[in-house]
Amino acid sequence: MWDLILNPFVTILAWLYAALNQDIVLAIVVLTVIIRFLTYPLLAKQQESSRKMQQIQPQLKKLQEKYKNDKEKLSQAQMKLYRENKVNPVGGCFPMVIQFPILIGLYQAIFFALAATPFQLVDLSERLLIPGLDSLIPLQRMWAPIPQLAQLLPELDLTLAPTENPHYSLILPLLVLITTWAQQKLTMMTTKQKSDKNDDDDEDDKPRGGQAQMMQSMTTIMPIMFGFFSLSFSVGLSIYFVTSNLIGIIQYSPQGRNVLDKLFGSKKSDEAPVEIELEADEPVKKLRKRRKKKPRKK
């Protein structure tokens, strides 16, 4: 089942390798750009769904407080709120579910393309769907960042980790760390701006403070973790991580989002959330009915 995603990616990567003068690094970069570009509509849909959910958070909290002892009424009121604001509670998860296997497939395709053992080479040849591409195997795994400076910067083995390559390759884990941090920071800033824009209730700052602290911790931990892992990953995979992070930075930047939204025809919705009228408690309802009754005749 997994081969349905993996084999096409391996085939496209091999085809790009042949089309780009057998430059495997350039093929990795181009394939990463293509996949991230094609999956942008899913990312935009996920962001839009998350934005709408943030907008109606104050109303959701009011409903939870109003019907805290009546789960049935709470559920009905929440569904009405979702319906009035055209919000799908699981709308932000579905695009992510689709993106995840695609990105993992891309990662695995690069791993299999950089075959280092005879068994991996045989496995790679069986995954190619276009006849004739198997003649390219083994793919060129040695890469010189600047061929003119080959004496100062010797070639890197893309299948080996930076610790097993020339010392200057250690800059790749550092680039992974920096670009991961930048992408996480930009994502957090975008989310914070949207939250501040939609935050009209001072009491909402308390729960969001804990969430902001958790996001701040992730912004520190994730880059360090990925940078550490890149020390043991192959150089080719580090190149993939850096490329993917740079694309993510462009996608989350205001200028990048504007360009991509124009290309894909995405429309930004700045409409205020539709508020629903909370139902009154039973005693209040009875009192209102009594007031509506006609006065007694004398």
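Select Asn-21 to begin: at 73% relative accessibility, this residue of the predicted model counts as exposed, since the cut-off for that class is over 50%. Asn-21 sits in the loop that links α1 and α2. Its backbone deserves inspection, as phi is positive, at about 60°, although the residue is not a glycine.

Extend the selection to Gln-22, which belongs to the loop between α1 and α2. Here phi is again positive, at about 55°, and Gln-22 is not a glycine either. With a relative accessible area of 44%, Gln-22 is partly exposed.

**The whole chain**

Now zoom out and colour by secondary structure. The protein has twelve helices and two strands. Read from the N terminus, the order of elements is α-α-α-α-α-α-α-β-β-α-α-α-α-α. Of the 298 residues in the protein, 38% are buried. Among contacts with a sequence separation of 6 or more, 73% are between residues 24 or more positions apart.

**The largest nonpolar core**

In soluble globular proteins, nonpolar side chains tend to be buried together. For the case at hand, display Leu-13, Ile-24, Leu-106, Ile-110, Leu-139, Leu-158 and Tyr-240; within the largest nonpolar core, which has 36 residues, these touch the most other members. Two or more core residues come from each of α1 (3-19), α2 (24-38), α6 (93-113), α8 (171-198) and α10 (235-252). The greatest contribution is that of α1, which supplies seven residues.

Centre the view on Leu-106. Which residues does Leu-106 contact, leaving aside its neighbours within four places in sequence? They are Phe-9, Leu-31, Thr-32, Ile-35 and Tyr-240. Another core, of ten residues, lies apart from the largest one; Leu-63, Tyr-67, Leu-74 and Leu-81 are among its members.

**Helices α3 and α4**

Next, select residues 40-55, helix α3, together with residues 57-66, helix α4. The two helices pack with their axes 4 Å apart and at an angle of about 50°. The pair is therefore oblique. To see the contact itself, show Met-53, Gln-54 and Gln-55 on α3 and Gln-57, Pro-58 and Leu-60 on α4. By character, the residues of this contact comprise three nonpolar, three polar and no charged.

**A cis peptide bond**

Move to Ile-137 and Pro-138, which are joined by a cis peptide bond with omega of about 0°. Pro-138 is located in the loop between α7 (118-127) and β1 (142-143).

**Thr-159 and its surroundings**

The last stop is Thr-159, in the loop that runs between β2 (156-157) and α8. Is Thr-159 buried or exposed? Its relative accessible area is 16%, so Thr-159 is buried, given that the limit for this class is under 20%. Display side chains here: that of Thr-159 makes a polar contact with the side chain of Asp-157, at 2.6 Å. Then expand the selection to Leu-114, Ala-115, Ala-116, Arg-141 and Ser-234, which Thr-159 touches when residues up to four places away in sequence are not counted. The tour thus ends at a buried residue, having started from Asn-21, an exposed one.

How values were computed. Residues numbered from 1 in each chain as written. Predicted model: local features only at pLDDT ≥ 70, side-chain atom pairs only at ≥ 80, totals over all residues. Heavy atoms only, no water. Core = buried A, V, L, I, M, F, W, Y, C linked by side-chain atoms within 4.5 Å. Buried < 20%, exposed > 50% of the residue type's maximum accessible area, 1.4 Å probe, protein only. Contact = heavy atoms within 4.5 Å. Polar contact = N/O pair within 3.5 Å; in protein donor to acceptor, adjacent residues only side chain to side chain. Axes fitted to C-alpha atoms, helices over the stretch in contact; angles between N-to-C directions. Parallel < 35°, antiparallel > 145°, perpendicular 65-115°, else oblique. Nonpolar A, V, L, I, M, F, W, Y, C, P; charged D, E, K, R; others polar.
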